[in-house]
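Thanks, everyone, for making the time this morning. I would like to walk you through one model, going from the overall layout to a few individual residues.

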Amino acid sequence: MDEAYEAAMALIKRETYVACAAWLDSGLLGSDVERRLRAAAETTDTELREAEAVRRAFTAGVDRLLEDYEVLALPTLPHFPLTRVAAEEGRQDLSASSLVRPFNLSGHPALSLPLSPSRGRPVSLQLVGRRGDDAGVCRAARYLVARYLVGTGPAEAIQTTGEAHAQPGR
């Protein structure tokens with residue numbers, strides 16, 4: 001997973017630089033974004049070739065696992081996310097996506113089911129399915145919700161923790 005995460009980051013850096021390089025020195029980017037975009041420009045062709053090799057190997061490995069299983073279930077995050085206050089202060093944690101980004105790399109559909117908070121912090125379960133079988137991942141999620149989560153009360157089982165944590169659009 002670590003190698004797939006790093007490969008995905010290399011590819012995303014190059015793609016982002018190619019898509020956004022024209023904005024450098026435009027005055028339209030925050031200094032943190034401009035700094036990351038300049039760093040992305042340093043991604044080498046060798047790093048890209050290596051990332052593509054990792055993509056092929058990781059994809060094949062996940063495909064082999066999914067020959068025997070309908071979906072894979074694993075944590076969405078490797079650790080608790082930043083608090084909203086930390087995010088608003090400008091702290092970053094790109095490693096929070098280390099269990100998700102590899103499946104962006106491989107093209108396997110994935111979704112996350114929010115679960116009851118642990119120690120007041122958000123928790124979720126990631127389901128990963130066969131490439132092209134988005135509907136199968138959704139069926140598995142519906143089954144898990146109906147079988148295991150609804151009995152605990154949907155309001156308690158599937159929720160976010162609100163204001164304490166960074167949330168898009170807030």
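I will begin with the chain as a whole, then take the cores, the helices, a pocket and finally some single positions.

Please keep in mind throughout that this is a predicted model. The protein chain has 7 helices and 3 strands, and, read from the N terminus, its elements follow the order α-α-α-β-α-α-β-β-α-α. Of its 170 residues, 32% count as buried. If we take the contacts in the protein chain with a separation of 6 or more, 64% of them are between residues 24 or more positions apart.

Let me turn to the interior. The largest nonpolar core has 16 residues, and those with the most contacts inside it are Val62, Leu72, Phe103 and Leu105. Two or more residues of this core come from each of α1, which covers 2-20, α3, which covers 45-68, β1, at 71-75, and α5, at 101-106. Which element gives the most to this core? That is α3, with 6 residues. As for Val62 itself, once its neighbours within four places in sequence are left aside, it is in contact with Leu72, Phe103 and His108. Apart from this core lies another one, of 7 residues, among them Leu127, Ala140, Ala141 and Val145.

Staying with α3, we can check its geometry. At 1.5 Å a residue, the 24 residues of α3 should span 34 Å, and since its end C-alpha atoms are 36 Å apart, the expected and modelled values agree. The buried residues in α3 are Leu48, Ala51, Val54, Phe58, Thr59, Val62 and Leu66. What covers these buried residues of α3 includes α1, β1, α5 and β3, the last of these being residues 121-129.

The same check can be made on helix α6, residues 134-149. Its 16 residues, at 1.5 Å each, should span 22 Å, and its end C-alpha atoms are 21 Å apart, which agrees. In α6 the buried residues are Gly136, Val137, Ala140, Ala141, Val145 and Leu149, and of these, Ala140, Ala141 and Val145 were among the residues I named for the other core.

Now to a pocket, the second largest one in the model, which holds about 350 Å³ of space. It is lined by 14 residues, of which Lys13, Thr16, Arg36, Leu37 and Ala40 lie nearest its centre. Both α1 and α2, the latter spanning 31-40, supply at least two residues of that lining, and α2 gives the most, with 6 residues. How do the lining residues divide by character, into nonpolar, polar and charged? There are 9 nonpolar, 1 polar and 4 charged residues in the lining of this pocket.

That leaves a few single positions, and I will start with Ala4, which is placed in helix α1. Ala4 counts as buried because its relative accessibility is 2%, where the cut-off is under 20%. Leaving aside its neighbours within four places in sequence, Ala4 is in contact with Val54, Phe58, Pro102 and Leu105. Ala4 and Phe103 are 99 residues apart in sequence, yet their C-alpha atoms are 8.4 Å apart in space.

Cys20 is also found in helix α1. Is Cys20 buried or exposed? With a relative accessible area of 19%, Cys20 is buried, because the limit is under 20%. From Cys20 to Glu34 there are 14 residues in sequence and 9.8 Å in space, C-alpha to C-alpha.

Ser97 is found in the loop between α4, residues 84-88, and α5. At 17% relative accessibility, Ser97 counts as buried, and, with its neighbours within four places in sequence set aside, Ser97 is in contact with Tyr5 and Pro102. Pro102 is therefore a contact that Ser97 shares with Ala4, under the 4.5 Å heavy-atom cut-off.

The last position is Asp25, which is found in the loop between α1 and α2. Asp25 is exposed, with a relative accessible area of 62%. Its phi is near 65°, a positive value in a residue other than glycine. For context, most residues other than glycine have a negative phi.

How values were computed:
Residues are numbered from 1 along each chain as its sequence is written. This is a predicted model: local features need pLDDT of at least 70, side-chain atom pairs count only at pLDDT 80 or more; totals for chains, interfaces and linings use all residues. Side-chain values use heavy atoms; hydrogens and water are left out. A nonpolar core is a set of buried Ala, Val, Leu, Ile, Met, Phe, Trp, Tyr and Cys residues joined through side-chain atoms within 4.5 Å. Buried means under 20% relative accessible area, exposed over 50%, partly exposed in between (1.4 Å probe, protein chains only). Helices (H or I, at least four residues) and strands (E, at least two) are DSSP runs, numbered from the N terminus. On a 1 Å grid over the protein atoms alone, a cavity is a set of points where a 1.4 Å probe fits but cannot get out, and a pocket is an open set with protein on both sides within 12 Å along at least five of seven lines; lining residues have an atom within 4 Å of a point. Grid points are joined across faces, edges and corners, and a volume is the space filled by probe spheres set on the points. Ala, Val, Leu, Ile, Met, Phe, Trp, Tyr, Cys and Pro count as nonpolar, Asp, Glu, Lys and Arg as charged, and the others, Gly among them, as polar. The expected span of a helix is 1.5 Å times one less than its number of residues.
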